[in-house]
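Biologist: Please take one part of this structure and look at it closely. I want the strand pairing, what packs against it, and how it meets its neighbour.

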Amino acid sequence: MQMNAPAPRNPIDENRQGLIGKPIDRVDGRLKVMGLAPYAHEVQEGGPPAYGFIVEATIATGLIAEIDTTAAERASGVLLVLTHRNAPAQGAWGPLEAKDRYARASPQLVSPRIEHYGQAVAFVVATSFEQARSASRLIRVRYAPKPGEYELAPNLDKAEIPADQFGQKTDNAVGEFGPAFAAAPVKIDATFTTPFHIHAQMEPHATLAYWRDGRVIIHCASQLLESAQNAVAATLKIAPSKVRIVSRYIGGGFGGKLPIYGDVMLSAMASRQLKRPVKTALTRQQMFHFTTHRSDTIQRLRLGATPDGKLTAIGHETWSHSARFDNFFENASTQTRSLYAAPNRLTTHRSVKLDLPISDSTRAPGESVGMLALEGAMDELAEKLGLDPIELRLRNEPPMDPELGVPYSTRQLVGCLREGAARFGWDKRQAKPGATPQGRWMIGMGVAAATRGNLLMPSKCTVSIDRQGVLTARMSMTDIGTGSYTVFTQIAAEMLGLPIERVHIELGDSDFPETPGSGGSWGAASAGSGLFDACMQLREALAAKLGVPVLDAVFADGRVSGAGRGETLGALAGTLGLEASGEIKPGSMSKAFSQQAYGAHFAEVAVDIDTGEIRLRRMLGVFAAGRVLNQKLAQSQAVGAMIWGVGSALHEDAVIDPRHGHFVNHDLAEYRVPSHADIPAIEAHFLQEVDDKTNPLKIKGVGELGICGAGAAIANAVYNACGVRIRSFPLTLDKVIAGLDANA
Ligand code: MOS
């Protein structure tokens, strides 16, 4: 089916068994806690593996002048040492303009040229991991380094206009921003900076690769199996059908597993050569340079308004970096195109090529850091106008998408702000900063909007039912820890009138029907709709077997009944079973309606007047994201993402050494993410919403919504607490103290 019209009423709306929305536990929870849900590195398959270890470049740009592997080759247990001198021929990097950037060839060890710190310079395979790692230390590399450029701010004069990305325009303009801003009676012109972010998923990247009958089977941590399959095929110069990617359980994606990396390519090549499985894991330290990161950003926000708080001009310009050999940009200005009304608008993205590893999607690319700037600037404008920040947002609620000129599918930003204000006790907030002392602490409250684009991608699924009345659904979709297995179980069980115990969802295998995988918060909507369509086909087939028109058939308690007849699903399926396929395609609805999920964040912080320490005291998010498939999982996603937001406001900061182009704090001791002690009670609520323009399930993406705006609410609360406005993230106590001193 294709989304060319609003979705009609369907069995998900009827929710006869009440499984849709039900806060059931994760169906894979028991496997997870019992250690029976293996991650790629734990998979035992294909025979005893050899172990690979990647040797990384210790310069950021230049050449390998000399590499001596003799001692490593003679070391105990070593089976193979690959360098640029003996690595197999591979497909050329890219192409840069590929439609799917995660399906590009990514050749390893093909040249003595070093393009970023941490690039692979050698690959050692041995009978044990320890032998491989120990031998890797015996490799001697002499480099001929070249000077490189590693910093965004000093290189802005070299900024380029990047190509459109992910179907979004690089720049957009409506009306006459320049003159309108110049003429605006009330103005904010503020520049925000956000630092490099590392994904910091729990599960490090790892690969098990082996060959069977000319085909390579790869277990790895991948969010997007078809992209990974095509990337391996392009790199190894073999047909995609000769590559099978399996990724059944994944310990967090966060965007870092949208691409696959050299561990996959090198394991596959070494396994072909050695004729045995090769297993390679990245260390946590290696992940900082060998995988992708989020670029730091510089964002200039200009808001012009009338004295009564109507925006007349909105400008959001973002600068970020791309690896010199790549073309990515952080699309932090994008959400500013649809969030608030204003007749004159300008949004741009500029990219500076630097000699750093690849920057790429990280936890809500765009909005995640874009909202730190936009929602900070809105808070500054509200103060300048003497308006409550919620009231300012209410006054700039657009009747339709101000740049696309089409209606919103559903938009409950106002509802979220109002509901949140009531639940949080916003009326107790003092507008004047520093007006709420509590001993040595100063207390403050902040608010920010949340918005995240909603996407639907093409997705396929097959379902079958056997004579025991057990339904099995298969698709290449992944569960990166979000709960995909669980919500798909709920959908299939509800559609066929089965208890959840009689539904088996099989994911994470590129041999299964094609899906877009997990990314961009589109997973549940896209793969869930493919599953929905397959279940609709299966209902037709079962009703036909019973001899009842499907519209008259009732699917409940493991039975189909209608027209005075009834039979169990198992009996109708018979010994051969019944199978059906389904497919969702995006259609005109995604153009005819502006589709976003919305929310409102509220934060209360305490700032220590002497040390500048910031403690988050409580936080609330109220969201509207279409129908909720599982209350518990949606809340868990939202709270998790809000904690990401706490990290972006207060902790996360990967620091580049400007002399050598490497991340100085390349481990989880020095790259800080929130720990339990940083996180107080965080609540998330979802408003009632059903969006029939999005997909047949009438849901929207929730995975990344909760981070969007969360950090801004905290920064705005810090200002309200102590009167220090920090536009450079993260908010650390040195910046608070400097601000307190300046205000004193
Ligand atoms: Mo998400 S960063 O789009 O996987």
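**Two sheets and a domain contact**

Modeller: Start with one residue pair: Asp68 has Arg140 of β6 as its bridge partner. Keep in mind that this is a predicted model. Asp68 closes strand β2, which covers residues 62–68. Between β2 and β6 there are 6 bridges, and the two strands run antiparallel. They belong to an open sheet of 3 strands, ordered β4-β2-β6, with antiparallel pairing. The edges are β4 (113–114) and β6 (140–145). Each has a single partner strand, so one side of each lacks a neighbour in the sheet.

Just before β4 in the chain comes a backbone detail. The loop between β3 (78–82) and β4 holds Pro95. Gly94 and Pro95 are joined by a cis peptide bond, with omega at about 5 degrees. Another backbone detail is Ala200, which is not a glycine yet has a positive phi of about 60 degrees. Ala200 sits in the loop between β8 (186–194) and β9 (206–212).

Now place this sheet in the domain layout. The domain assignment gives domain 2 as 40–147 + 199–290. Domain 1 is 11–37 + 457–585, and domain 3 is 407–452 + 596–743. The strands β2 and β6 thus fall in the 40–147 segment.

Which sheet lies on the domain 1 side? There, 4 strands make an open sheet in the order β20-β19-β18-β24, with mixed pairing. Its edge strands are β20 (503–506) and β24 (578–584), each paired on one side only. From one strand to the next, the twist averages 20 degrees. Inside this sheet, β18 (residues 459–465) and β19 (residues 471–474) run antiparallel and are joined by 4 bridges. Ser464, for instance, has Thr472 of β19 as its bridge partner.

Two helices go with this sheet. Helix α12 (residues 484–496) lies across β19 and β20, at about 135 degrees to β20. Helix α13 (residues 523–546) packs on the sheet and touches β18, β19 and β24. The direction of α13 makes about 140 degrees with that of β24.

How do domain 1 and domain 2 meet? Their centres, taken over C-alpha atoms, are 36 Å apart. The contact draws 24 residues from domain 1 and 20 residues from domain 2. Between them they bury about 1,500 Å², with 47% of that on carbon and sulfur atoms. On the polar side, 10 residue pairs are in polar contact across the interface. The rule also finds 4 salt bridges there.

Two salt bridges deserve a close look. Asp511 pairs with Arg215, and their closest N and O atoms are 2.6 Å apart. The side chains of Asp509 and Arg248 also form a salt bridge, 3.8 Å from N to O. That value lies within the 4 Å cut-off, so the pair counts as a salt bridge. Asp509 and Arg248 link distant parts of the chain, 261 residues apart. Asp509 is in the loop between β20 and α13. Arg248 is in the loop between β11 (243–246) and α7 (262–274). For scale, the structure holds 43 salt bridges.

One last backbone detail lies elsewhere. The bond from Phe729 to Pro730 is cis, with omega near -5 degrees. Pro730 is in the loop between α17 (710–722) and α18 (733–743).

Notes. Residues are numbered from 1 along each chain as its sequence is written. This is a predicted model: local features need pLDDT of at least 70, side-chain atom pairs count only at pLDDT 80 or more; totals for chains, interfaces and linings use all residues. Side-chain values use heavy atoms; hydrogens and water are left out. Two strands pair if DSSP finds at least two bridges between them. Axes are lines fitted to C-alpha atoms, for helices over the stretch in contact, and angles run from 0 to 180 degrees between N-to-C directions. Contact means heavy atoms within 4.5 Å. Domain bounds come from an automatic or database domain assignment. Buried area is the accessible area (1.4 Å probe) that two parts lose on being put together, summed over both. A polar contact is a pair of N or O atoms within 3.5 Å; within protein, one must be able to donate a hydrogen and the other to accept it, and residues adjacent in sequence count only if both atoms are side-chain atoms.
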